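Below are some notes to read alongside the coordinates, set out as numbered points. Please keep the structure open while going through them.

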Amino acid sequence: MANIHILYGSTTGATEAAAQQLAALLGAEAKPIAAASPEDFEADLLILGSSTWGYGELQDDWAAGIALLDAIDLSGRKVAVFGTGDSVGFADTFANALGILADKAVERGATLVGQVPAVGYAAVESFAVRDGNFVGLALDDTNEAEQTPDRIAAWAKVLQAAI
Ligand SMILES: Cc1cc2nc3c(=O)[nH]c(=O)nc-3n(C[C@H](O)[C@H](O)[C@H](O)COP(=O)(O)O)c2cc1C
């Protein structure tokens, strides 16, 4: 059975809740990035989660997480990214953190999986949108919470097919 690790940063609990839903669907382990060690990045599929704070920045706990990543070779590993944001209040930087995490993972040698078409979202501007796709799963629990369970379930299927 595939080894799936979820590492997430979450300030008010929204991304943490998504991480736990994903973990349950995928039979994976979810851990706060603040508690992660280098071995936690060793998985068949590594799923990295961050909400977006400031103006398009990573959630605070990822400062240490990025330092860990900078010392890790992800060559040959599959990585997927997810996180929550606010597509109305921050329409110019919606879920930017996904883009930051994805770029870092690719820089470290990973193959990115789990891109999601950017349709059905209110936001139009995001560093996480590339060629019409979010680089991962963007969730908006502030304005579109009712869609979150279905978005997570659909993404879990995409990831299972990508392993
Ligand atoms: C001060 C502040 C700044 C924020 N900046 C952004 C932003 O730039 N982009 C975005 O999509 N969401 C932004 N948000 C919304 C949060 O990402 C959103 O509330 C998210 O669900 C929090 O997730 P967490 O509880 O996992 O940390 C911001 C929220 C606050 C309070």
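**Notes on the core, the pocket and a small sheet**

1. In this predicted model, Phe41 is a useful place to begin: setting aside its neighbours within four places in sequence, Phe41 is in contact with Leu7, Ile33, Ala36, Leu46, Leu48, Gly65, Leu68, Leu69, Ile72, Leu74 and Arg77.

2. Phe41 also belongs to the largest nonpolar core, which has 49 residues, and it is among those that touch the most other members, together with Leu22, Ile47, Leu48, Val81, Phe82 and Trp155. At least two residues of this core come from each of the helices H1 (14–26), H2 (62–69), H3 (96–107) and H4 (148–162), and likewise from each of the strands S1 (4–9), S3 (45–50), S6 (78–84) and S11 (137–139).

3. The largest pocket has a volume of about 270 Å³, and 20 residues line it, with Thr52, Trp53, Thr84, Gly85 and Asp86 lying nearest its centre. Two or more lining residues are given by H1 and by strand S4 (52–53). Sorted by class, the lining of this pocket consists of 13 polar, five nonpolar and two charged residues.

4. A separate point concerns an open sheet of three strands, in which the order is S8-S10-S9 and the pairing is antiparallel. Its edge strands, S8 (116–117) and S9 (129–130), each pair on one side only. Between S8 and S10 (residues 133–134) the antiparallel pairing runs over two bridges, and for Val116 the bridge partner in S10 is Phe134.

Terms used. Residues are numbered from 1 along each chain as its sequence is written. This is a predicted model: local features need pLDDT of at least 70, side-chain atom pairs count only at pLDDT 80 or more; totals for chains, interfaces and linings use all residues. Side-chain values use heavy atoms; hydrogens and water are left out. A nonpolar core is a set of buried Ala, Val, Leu, Ile, Met, Phe, Trp, Tyr and Cys residues joined through side-chain atoms within 4.5 Å. Buried means under 20% relative accessible area, exposed over 50%, partly exposed in between (1.4 Å probe, protein chains only). Helices (H or I, at least four residues) and strands (E, at least two) are DSSP runs, numbered from the N terminus. Contact means heavy atoms within 4.5 Å. On a 1 Å grid over the protein atoms alone, a cavity is a set of points where a 1.4 Å probe fits but cannot get out, and a pocket is an open set with protein on both sides within 12 Å along at least five of seven lines; lining residues have an atom within 4 Å of a point. Grid points are joined across faces, edges and corners, and a volume is the space filled by probe spheres set on the points. Ala, Val, Leu, Ile, Met, Phe, Trp, Tyr, Cys and Pro count as nonpolar, Asp, Glu, Lys and Arg as charged, and the others, Gly among them, as polar. Two strands pair if DSSP finds at least two bridges between them.
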